[in-house]
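Let's take a walk through this model, with an eye on charged side chains and on how a few strands pair up.

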Amino acid sequence: MIPRLERHNEFSCDRETRIKLLKISAASIDRLLAPERRKLALRGRAGTKPGTLLKKQIPIHTFADWDEQLPGFAEIDLVGHDGGVVAGDYCQTLDLTDIVTTWTETKAVRNKAQAWVFAPLQELRANLPFPLLDIDSDNGSEFINKYLLEYCQQEKLTFTRSRPYRKNDNCFVEQKNYSIVRRAVGYQRYDTEPQLQIFNELYATLRLYTTFFQPTMKLQAKERIGSRVINVMSAPKLLTNECCRQTSVAG
């Protein structure tokens, strides 16, 4: 990134510092910045508010239930861009992640109101190269509402939800919340219309970059040796056009 930033006059430093920055590894950066990051960490903050009594009509789906071989089984979530100040309205990113293909669609919305979330969700569905079969969300009222429930019933989509306070139930989309959304736009507060437009201009390109040019690894197995748990991961794979065509036919 340093040569690119320098090319656009966004960064400058002395020669010795530049040499060190070009040599240091990502792991070393994380280790050196860990004390400072702990000072700035936001604690005790959650933006998910419980839904209504409609939860009784929506079955619970845990992470252990995902054993689908077809694309179209997706998790959805909202990423808040409040910068640590939850007062007022601020941008949210709607994140939809397919479990089998890891295809991820994102769309910035004005706030968590049902009206702002429902329409973009339909846009994300239209962008998928395969039919959407299942929507799995957390228990926030922006998802657990009669509009989305009726929409899923009319479109013959399975609608499930995670257990309250169990983030692992939405582990697939939660991972994309960080690797795609947070790594691209960070943790600052964004609450203006121009910022919302910039977000969506970025996501229009980012969706293709992350899907077709970023390899994905999946957990194959876990092995416990004493107190240690060893994860066995698959080899990194790219989602190709042929794969999309096959998954579309399979769906």
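A salt bridge here means a side-chain nitrogen of Lys or Arg within 4 Å of a carboxyl oxygen of Asp or Glu. Keep in mind that the model is a predicted one.

With that cut-off in hand, look at Arg182, which sits in helix 6. Arg182 is buried but makes no salt bridge: Asp82, the nearest side chain of opposite charge, is 5.8 Å away. So what does Arg182 touch, once its neighbours within four places in sequence are set aside? The contacts are Val79, Gly80, His81, Asn177 and Tyr187.

Helix 6, spanning residues 171–185, holds Lys176 too. Lys176 is likewise buried without a salt bridge, and its nearest side chain of opposite charge, Asp95, is 8.5 Å away. Asp95 still turns up among the contacts of Lys176 beyond four places in sequence, along with Thr97, Thr102, Thr104, Val181 and Thr216.

Now hop over to strand 4, residues 134–137. Asp134 and Asp136 point one way from this strand, Ile135 and Ser137 point the other way, and all are buried. Strand 4 has parallel company: 3 bridges join it to strand 1 (residues 73–80), and 4 bridges join it to strand 5 (residues 158–161). Ile135 is a handy marker for both pairings, being the bridge partner of Ala74 and standing opposite Phe159 in strand 5.

How do you get from strand 4 to strand 5? Helix 5 (residues 146–154) completes a right-handed β-α-β unit with these two strands.

Terms used
Residues numbered from 1 in each chain as written. Predicted model: local features only at pLDDT ≥ 70, side-chain atom pairs only at ≥ 80, totals over all residues. Heavy atoms only, no water. Buried < 20%, exposed > 50% of the residue type's maximum accessible area, 1.4 Å probe, protein only. Lys, Arg positive; Asp, Glu negative; His and termini not counted. Contact = heavy atoms within 4.5 Å. Pairing = 2+ DSSP bridges. Right-handed = clockwise from strand over helix to strand, strands pointing away.
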